[in-house]
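User: I'm new to this structure and would like a close look at one part of it. Please show me where the charged side chains pair up, and what surrounds them.

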Amino acid sequence: MTGTMQDGIARVLVSEETLQQRVRELGAQITADYRGKKPFFLGVLKGCFVFMADLIRCVDLPCSLDFMVLSSYGGGTSTSGAVEIRKDLTRDIAGMDVIIVEDIIDSGITLHYLREYLSRRNPASIHIVTLLNKPECRRTEIEPDYSGFTIPDAFVVGYGLDYAEEYRNLPYIGVLKPEVYEK
């Protein structure tokens, strides 16, 4: 990539200010819904890290967290359908109220697999919060319990989301120019 990151962006889909406002709203809703509980936030790396860091600071409850690394993409831009766990949890979640934190749900394949996988560990509950939801791309029955934004089928980057490990540090969600990923 030459030039600036903004050179690869076709348009801003969700501004920095709009993102921060919605994250505060999601944090307030989770705080209300989990009052009297200690939610366990499970981040799916790498894309969730910016969203999850901002989100948990907006949750006014005692909570804990961990991360998993899963992959169903390989090196391409569409899912392979096969899910691989590259890093598992470091603690037992039996009896815990688990909130899976995702950056984006598109096909739903990885998240469907993860929910089933975690269910076998006997948590008290499993709920899903996603920053971005692409329901028109869904290839499995899964819906988030909390969703920041429903977006169209576009290749988006920023706020933790990447293309080839770049663009994660943009403070907004942008639509990537096709010429960047269709090389």
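Analyst: Glutamate 84 is partly exposed, at 41% relative accessibility (buried means under 20% relative accessible area, exposed over 50%, and partly exposed in between, using a 1.4 Å probe and protein chains only). Its side chain meets that of arginine 86 in a salt bridge, 3.5 Å from N to O. That term calls for a side-chain nitrogen of Lys or Arg within 4 Å of a carboxyl oxygen of Asp or Glu. Arginine 86, at 53%, counts as exposed.

A quick word on the ground rules. This is a predicted model, where local features need pLDDT of at least 70 and side-chain atom pairs count only at pLDDT 80 or more, while totals for chains, interfaces and linings use all residues. Residues are numbered from 1 along each chain as its sequence is written, and side-chain values use heavy atoms, with hydrogens and water left out.

Now for another pair. Lysine 87 shares a salt bridge with aspartate 66, again listed at 3.5 Å, N to O. Aspartate 66 sits in strand S3 (residues 64-71) and lysine 87 in strand S4 (residues 84-87), so this contact ties together parts that are 21 residues apart in sequence. Strands here are DSSP runs of E, at least two residues long, and helices are runs of H or I, at least four long, both numbered from the N terminus. Aspartate 66 is buried, at 8%, and lysine 87 is partly exposed, at 29%.

Moving along the chain, glutamate 143 and arginine 138 meet in a salt bridge of 3.6 Å, N to O. Here arginine 138 is the buried partner, at 16%, whereas glutamate 143 is partly exposed, at 47%. There's also a network of salt bridges linking Lys46, Asp162, Glu165 and Arg168. How many salt bridges are there by this rule? The count comes to 10.

As for the surroundings, strand S6 (residues 125-133) is mostly covered, with eight of its nine residues buried. Strand S5 (residues 97-105) runs parallel to S6 and is joined to it by eight bridges; strands pair if DSSP finds at least two bridges between them. Across that pairing, isoleucine 99 stands opposite histidine 127 in S6. S6 also pairs in the parallel sense with strand S7 (residues 146-150), over four bridges. There, threonine 130 has serine 147 in S7 as its bridge partner.
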